[in-house]
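User: I am new to this protein and would be grateful for a close look at one part of it, namely its interior. Please explain how that part is built and how it relates to the remainder of the chain.

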Amino acid sequence: MMVQNKVNFYPDGYAVANGGSCIDLPIAIAAGSMFEESYYQYLFSRSYDANWSLKNLNSLENQCEILSKMNYKLSVFDSMSWQDVLDKIFEIIEQKGFALMPVTYNALFYYLGLKSTAGHMILISGYDRDEEILIVNDCNFINHGLPLINKDYTIYQAAMRFESVRHIWEVSIKTMDLGNEEGHLYALQESDSKHSPASEYIKDYLSQELTSDDGLCKKDRFRNVIFSACNMSKAEAGDYMYNVRRQYLGWLHPFFDYFRFLEDKVIAEKVQLFANRLYKIRDSQITKVHFRLLRESRITPDYINALLIESDEIEKEIGSIIRENWR
């Protein structure tokens, strides 16, 4: 008999071209399947931290802290036994939660002969013991697993045999060298069915983050990474600037998208207008720095400071709006 929890699908996807979203998207969708607005709350929080806060975006603690504020609990399960993991998946789903399994791309798409050992996450939302099937959700299950480049992520669902998932899991934990005390499976569950509306959540999340007059943030990560390009060689420029573009453009919109849930639509539209302007300006700044690096032109701090003036002003205006309404 099939036992499964409903997954909310988001047709517009999560517009990040590549990279970190394959970890955060399944977490956001699991939360959003329990309370729709949680999908946007989670991405709003991660987006702010990616662009402006002092927090370590790559730490599990950052994800757990955000989810705790949203009334969810992210639990870690450690076992080298597939049967233990399978039993835990059954338990999580029966308790109305979602199982999150860390895997690698070369394990997930082993039949394609991929060599990438990059970390990835799949979402398990159901099972059938009799048919030995798990319901697996992933942002890359399309065209039979053929890798897609620079696509907008959404989520796809497939029924997979226990044995297939076991193989993927076992190869992954060996590839990532996960020992007995590391996460082999995660469970996302509601700790409370009460969830904050947009205005309240924005206020609670940002009240401790914003400074009085210093723009949008405590620390502008974008400014720091752009300055890091000053002494970069032409050979180093390509991958570095690609990653800057991915994080500081791709991770920008989820923060601003959440403002559309506000009751005050005038404020929401105003913030969105600033968001579009900031995106275009950052895109221009990254492009200009990248072109100079490729031409091996000298980049000075004064040149970068001059580029950043316009985006600094917009961030100050956005910060001012947020402080006036939600501090």
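Analyst: In what follows, two residues are said to be in contact when they have heavy atoms within 4.5 Å of each other. The structure is a predicted model, and every value below is computed from it.

With that meaning of contact in hand, one may begin at F255. Setting aside the neighbours within four places in sequence, F255 is in contact with L43, F44, S47, Y48, W52, L206 and I322. F255 and F44 also appear together in another list: they are among the residues with the most contacts inside the largest nonpolar core. That core has 79 residues, and I89, M101, L134, F256 and F259 complete the group with the most contacts inside it. Nonpolar side chains tend to be buried together in soluble globular proteins. Apart from this core there is a second one of 18 residues, which includes M241, V244, V289 and I304.

These cores belong to a protein of 327 residues, of which 50% are buried. The accessible surface amounts to about 15,500 Å², and carbon and sulfur atoms account for 48% of that area. Contacts between distant parts of the sequence can also be described for the whole protein. Of the contacts that join residues at least 6 apart in sequence, 73% link residues at least 24 apart.

The secondary structure consists of 12 helices and seven strands. Among the strands, β4 deserves attention in an account of the interior: this strand covers residues 119-128, and nine of its 10 residues are buried. Strand β4 pairs with several others. Strand β1 (residues 2-4) runs antiparallel to β4 and is joined to it by three bridges; here V3 stands opposite Y127. Strand β3 (residues 98-104) is likewise antiparallel to β4, with six bridges between them, and P102 has M121 as its bridge partner in β4. Strand β5 (residues 133-138) pairs with β4 over five bridges, again in the antiparallel sense. In that pairing, L123 has N137 of β5 as its bridge partner.

Strands β4 and β5 form a hairpin with four residues between them. E132 is found in this loop, and its phi is near 55°, a positive value in a residue other than glycine. E132 has a relative accessibility of 45%, so it counts as partly exposed. A positive phi also occurs at K96, where the angle is near 70°. K96 lies in the loop that leads from α4 (82-94) to β3. K96 counts as exposed because its relative accessibility is 59%, and the cut-off for that class is over 50%.

A final point concerns the cysteines. A disulfide is a covalent bond between the sulfur atoms of two cysteines. The search of the whole structure finds zero disulfides. Two cysteines may nevertheless be placed with respect to the surface. C230 has a relative accessible area of 15%, which means that it is buried, whereas C64, at 25%, counts as partly exposed. The dividing value is 20%, since buried means under 20% relative accessible area.

To return to the starting point, F255 is thus one of the residues with the most contacts inside the 79-residue core, and its contacts include W52 and I322.

Note on methods: Residues are numbered from 1 along each chain as its sequence is written. This is a predicted model: local features need pLDDT of at least 70, side-chain atom pairs count only at pLDDT 80 or more; totals for chains, interfaces and linings use all residues. Side-chain values use heavy atoms; hydrogens and water are left out. Helices (H or I, at least four residues) and strands (E, at least two) are DSSP runs, numbered from the N terminus. Buried means under 20% relative accessible area, exposed over 50%, partly exposed in between (1.4 Å probe, protein chains only). Accessible areas come from the Shrake-Rupley method with a 1.4 Å probe; for residues, only the protein chains shown count as cover. A disulfide is a pair of cysteine sulfur atoms within 2.5 Å. A nonpolar core is a set of buried Ala, Val, Leu, Ile, Met, Phe, Trp, Tyr and Cys residues joined through side-chain atoms within 4.5 Å. Two strands pair if DSSP finds at least two bridges between them.
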